[in-house]
Amino acid sequence: MREDVLTTLADEAAAVTGGCGATLAVWPRAGVETVLVASHPELGELVELEHVLGDGPGLHALRSEHPVNVPDLAHDPRWTRLGREALARGLRACVAASGRGPGATAVVTVYGLRPDEPGEPVAPFIASLARQAVWLSTFAETRDQHEREVRQLRQTMEGRETIEQAKGMIMQALGIDAEQAFAELRRTSQNAHMKLRDVAERLIAREI
């Protein structure tokens, strides 16, 4: 979900600024993997190369906290290999800017097909998109986590209902109380090397 939201933002960044495409990287809090998205696969290859090299317009914008305008990637002496790879993909220029938010930083890089495209004037707008990306990423991550917790809780409740139903069947079949029925269910689980819920499900399905 979070990647989908950020990919849409990368598409919008390119469309609004007049670029041919854009990449977006989010550095969340410590211990969380960096999120990298791109409006086109070949741009994703460029941002991955930038991270392999440990330098490039996006990483420079991240470290300096200032927008980086590269009027011509083919002739910029700072990132010659990245420039060659960009040129091989028909790209000539880019603008990168970073933005900070609650516990994370984002970098948006917009690419152009011609020199000085989209150009330095769009840098403030790209920086604002980077800040927006941080907030969207944080919101989407929180929502994803909430949905995972709800799914886990639902699975837990369903598992308990299944076990209770199996216990009832054992109580009725053997004429024992709930505690004894649960002990019988657990014994079967251990002997069969199966999860308690799986044993309960098979019992209900009359497979054991």
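Let me begin with a term: a residue counts as buried under 20% relative accessible area, as exposed over 50%, and as partly exposed in between. His40 has a relative accessible area of 32%, so this residue is partly exposed.

The model is a predicted one. Its mean pLDDT is 83, and 85% of the residues reach 70 or more. Among the elements, strand E3, residues 68–70, has the highest mean pLDDT, at 96, and H5 the lowest, at 74. Where pLDDT is low, the predicted coordinates should not be read in detail.

Back to His40. You will find His40 in the loop between E2 and helix H2, which covers 41–53. What does His40 contact, leaving aside its neighbours within four places in sequence? The answer is Cys20 and Gly21. With Cys20, the side chain of His40 reaches the backbone oxygen at 3.2 Å. Thr7 is 33 residues from His40 in sequence, and the C-alpha atoms of the two are 9.4 Å apart.

Now the interior. The largest nonpolar core has 24 residues, and those touching the most other members are Leu6, Leu24, Val26, Val108 and Ile126. Two or more residues come from each of helix H1 (2–17), strands E1 (21–27), E2 (35–38), E4 (93–101) and E5 (104–112), and helix H5 (123–174). Which element gives the most? That is H5, with seven residues.

Take Val108 as an example. Not counting residues up to four places away in sequence, Val108 touches several residues, including Ala13, Leu24, Val95, Ile126 and Leu129. There is also a second, separate core of 15 residues, with Val68, Trp79, Leu91 and Ala96 among them.

Notes: Residues are numbered from 1 along each chain as its sequence is written. This is a predicted model: local features need pLDDT of at least 70, side-chain atom pairs count only at pLDDT 80 or more; totals for chains, interfaces and linings use all residues. Side-chain values use heavy atoms; hydrogens and water are left out. A nonpolar core is a set of buried Ala, Val, Leu, Ile, Met, Phe, Trp, Tyr and Cys residues joined through side-chain atoms within 4.5 Å. Buried means under 20% relative accessible area, exposed over 50%, partly exposed in between (1.4 Å probe, protein chains only). Helices (H or I, at least four residues) and strands (E, at least two) are DSSP runs, numbered from the N terminus. Contact means heavy atoms within 4.5 Å. pLDDT is the predictor's confidence in each residue, from 0 to 100. A polar contact is a pair of N or O atoms within 3.5 Å; within protein, one must be able to donate a hydrogen and the other to accept it, and residues adjacent in sequence count only if both atoms are side-chain atoms.
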